[in-house]
Amino acid sequence: MTSTNLLLEDADATAELGARLARHLPQRAVVHLHGDLGAGKSTLARALLRALGVTGTIRSPTYTLVEQYPLPAGGVALHLDLYRIGDPGELEFLGLDGEIRLWLVEWPERGQGALPQADLDIELAVEGAGRRCRLRPNTGTGQAWLNEMASG
């Protein structure tokens, strides 16, 4: 599987990446977002959700652990922030089921073993005034997603 490396020069570039991900979103996708505090994980998740047509306030799930958003095209997007969980077993009590079309998971390593496999890992790191971004597919779905983004 082939990774893609990008330099996101500013918040607009991050929003554009979110829009590109949304335009080519598979029928069902799991995205694990990696990076230090302030690396841009929530910014990218918010941009992707907005590009999928989510209106109104898009809250950070830092304290609630999970926010659910109905998608205009059908299904639900989940945005999880697992920074504050102590044990992956805590995910059992969040009611993570139903017609979930998109999983956006920040700090996925804290939920290891209790989360679905990521189709796409997105690694973000601060670089100067921008962000270095690596998109790493883990499944055929993730690779096809990146291929579609690259071709149009």
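**View 1. Buried residues of helix α1 in the predicted model.** In α1, the buried residues are T14, L17, G18, A19, L21 and A22. This is a predicted model. The partners of these buried residues are β1, α2 (41–51), β6, β7 and α3. The length of α1 can be checked too. Its 13 residues should span 18 Å at 1.5 Å a residue, and the end C-alpha atoms are 18 Å apart, so the two values agree.

**View 2. The N-terminal cap of α1.** Which residue caps the N-terminal end of α1? D10 does. A side-chain oxygen of D10 lies 3.1 Å from the backbone nitrogen of D12.

**View 3. Helix α3 and its buried side.** Helix α3 covers residues 140–151. Its 12 residues should span 16 Å at 1.5 Å a residue. The end C-alpha atoms are 16 Å apart, which agrees. Buried here are G142, Q143, W145, L146 and M149. These residues sit on the same side of α3, because they cover an arc of only 155 degrees around the axis. On the other side, G140 and S151 are exposed.

**View 4. What covers α3.** Which elements cover the buried residues of α3? The cover includes three strands from the list, β2 (29–34), β6 (120–127) and β7 (130–137). It also includes β1 (4–8) and helix α1 (11–23). The contact between α1 and α3 appears from the α1 side as well: the buried residues of α1 pack against α3.

**View 5. H32 in strand β2.** H32 belongs to strand β2. Is H32 buried or exposed? Its relative accessible area is 10%, under the 20% cut-off, so H32 counts as buried. Leaving aside neighbours within four places in sequence, H32 is in contact with V105, P108, L115, P116 and A118. L120, D121 and I122 complete that set of contacts.

**View 6. L124 in strand β6.** L124 lies in strand β6. This residue is buried, with a relative accessible area of 6%. Residues up to four places away in sequence are not counted in what follows. L124 touches L8, H34, G35, D36 and A39. Its other contacts are G40, K41, L44, R132 and C133.

**View 7. L124 and G40.** How many residues apart along the chain are L124 and G40? They are 84 residues apart. Their C-alpha atoms are separated by 6.7 Å. G40 is also one of the residues that L124 touches.

Notes:
Residues are numbered from 1 along each chain as its sequence is written. This is a predicted model: local features need pLDDT of at least 70, side-chain atom pairs count only at pLDDT 80 or more; totals for chains, interfaces and linings use all residues. Side-chain values use heavy atoms; hydrogens and water are left out. Helices (H or I, at least four residues) and strands (E, at least two) are DSSP runs, numbered from the N terminus. The expected span of a helix is 1.5 Å times one less than its number of residues. Buried means under 20% relative accessible area, exposed over 50%, partly exposed in between (1.4 Å probe, protein chains only). The arc is that of the directions from the helix axis to the C-beta atoms. Contact means heavy atoms within 4.5 Å. A polar contact is a pair of N or O atoms within 3.5 Å; within protein, one must be able to donate a hydrogen and the other to accept it, and residues adjacent in sequence count only if both atoms are side-chain atoms.
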